[in-house]
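Student: I have a new structure to look at, and I would like to learn how to read it. Could you guide me through some of its features?

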Amino acid sequence: MKTSTSITLPYAPSLALLLVAALGPSSAFANPQETSKLENLINRYRASSPACEGRPALHADALTSLPSLAQLNLSRGNQLDHALRQAGIRMARAEAIMVSGPQNADAAMNAIKNKYCEALVRPEYTLIGVSHEAGTWRIILARPLLSETMGTSAQAGRKVLDLVNAVRSKPRVCGDKRYPAARPLAWNDTLAKAALMHSSDMAKQNYFQHQDKEGVTAAERSRRAGYRWQRIGENIAAGQGSPQEAMKGWLASPGHCANIMDPDFSEMGAAFAISQTSDAGIYWTQVFGKPR
């Protein structure tokens, strides 16, 4: 019996706090109509597809207002990533734009639209939160960790299988080794159970390893789940918010790619699990098998 395993490195969310600009006298607070107006102005700006610093214009969809972003505690010394954690919000990417001085939404927009054009029109952002307190406007732009179309863990696992079989349908180079096209894998509920078992344990106990805290391996997990195998392989990933992102990471790694293209495997199961208190937020496990 032979075991083949690969892992990916944990995903680190991309978070940035853009510069604060002091622009003169300010009022203490803006009313909700003004913060809502600034959100609308930003969406109008995105719809206009401006060319930022001469770069080609990009199409950017309208942002959805998320009150919890506007309510983040970004007091002095509290970084954006820490503030998101405190609020229990998981984002794949987020940026904060802060500007002091403008008296109203129109003035705030004029102050930020050129200097922060690239951030304001970044297509991947889908959410916005705007606040104004003590003379400072704060705009949070973000993309959630989890894809809105991902569905349940079982549905995402099946999507991973579809992506794997699409990749296996063509020859591929993994690292320095060339693999021919391979036959499609079949879904196996028992392997999916083993995958969910490990994803859930990593999420719950906040670790990222093939062996669990008790030293149990993919081979033993599959056996305990009831799978009688000749060969087992496992890919794990952390932090990716969709099956497509998890697959992209695996295919970029020669070891993971080799598992995906291995002609000796005939079955697969995959699952993710989430924990808001863990470092990565979401953990993926993909288990390949060749039954006895």
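Tutor: Gladly! Keep in mind that this is a predicted model. Let us begin with helix α6 (residues 153-168) and helix α9 (residues 243-251), which pack together with their axes 9 Å apart, at an angle of about 45°.

Student: What is the angle between the axes of α6 and α9 called: oblique or parallel?

Tutor: That angle makes α6 oblique to α9. In general, two packed helices are described by the angle between their axes and the distance between the axes. The crossing in which α6 passes α9 is right-handed.

Student: Which residues of α6 and α9 make the contact?

Tutor: On the α6 side they are Ala 156, Lys 159, Val 160, Leu 163, Val 164 and Val 167, and on the α9 side Pro 243, Gln 244, Met 247, Trp 250 and Leu 251. Sorted by class, the contact of α6 with α9 holds nine nonpolar residues, one polar and one charged.

Student: Which residues in α9 are buried?

Tutor: Pro 243, Ala 246, Met 247 and Trp 250 of α9 are buried. These residues cover an arc of only 95° around the axis, so they lie on the same side of α9. The elements that cover the buried residues of α9 include α6, β10 (229-238), α10 (254-261) and β12 (282-291).

Student: Let me try another helix pair. At what angle do α1 and α4 cross?

Tutor: The axes of α1 and helix α4 (residues 105-112) cross at roughly 40° and come within 9 Å. α1 and α4 are therefore oblique to each other, and α1 passes α4 in a right-handed crossing. From α1, Glu 34, Lys 37, Leu 38, Leu 41, Ile 42 and Tyr 45 take part in the contact, and from α4, Ala 105, Asp 106, Ala 108, Met 109 and Ile 112. The contact of α1 with α4 has eight nonpolar residues, no polar ones and three charged.

Student: And how do α7 and α8 pack?

Tutor: The axes of α7 and α8 are 9 Å apart, and the angle is about 125°. Here too the helices are oblique to each other, because angles over 115 and up to 145 degrees are neither roughly perpendicular nor roughly antiparallel. The crossing of α7 and α8 is right-handed. Thr 190, Leu 191, Lys 193, Ala 194, Met 197 and His 198 of α7 meet Arg 221, Ser 222 and Ala 225 of α8. In this contact of α7 with α8, four residues are nonpolar, three polar and two charged.

Student: Now for backbone angles. Which sign does phi of Ser 49 have, positive or negative?

Tutor: Phi of Ser 49 is near 50°, which is positive, and the residue is other than glycine. Ser 49 sits in the loop between α1 (32-47) and β3 (64-65) and is partly exposed, at 25% relative accessibility. Asn 206 also has a positive phi, near 55°. You will find Asn 206 in the loop between α7 (189-205) and α8 (218-225), partly exposed at 31% relative accessibility.

Student: Finally, a strand residue: what does Ile 274 touch?

Tutor: Leaving aside residues up to four places away in sequence, Ile 274 touches Leu 146, Ala 203, Gly 281 and Ile 282. Ile 274 belongs to strand β11 (residues 267-274) and is partly exposed, with a relative accessible area of 42%. The C-alpha atoms of Ile 274 and Met 202 are separated by 9.1 Å, although the two residues are 72 residues apart along the chain.

Key
Residues numbered from 1 in each chain as written. Predicted model: local features only at pLDDT ≥ 70, side-chain atom pairs only at ≥ 80, totals over all residues. Heavy atoms only, no water. Axes fitted to C-alpha atoms, helices over the stretch in contact; angles between N-to-C directions. Helix = DSSP H or I, 4+ residues; strand = E, 2+ residues; numbered from the N terminus. Parallel < 35°, antiparallel > 145°, perpendicular 65-115°, else oblique. Left-handed = near helix turned anticlockwise from the far one by under 90°. Contact = heavy atoms within 4.5 Å. Nonpolar A, V, L, I, M, F, W, Y, C, P; charged D, E, K, R; others polar. Buried < 20%, exposed > 50% of the residue type's maximum accessible area, 1.4 Å probe, protein only. Arc of directions from axis to C-beta.
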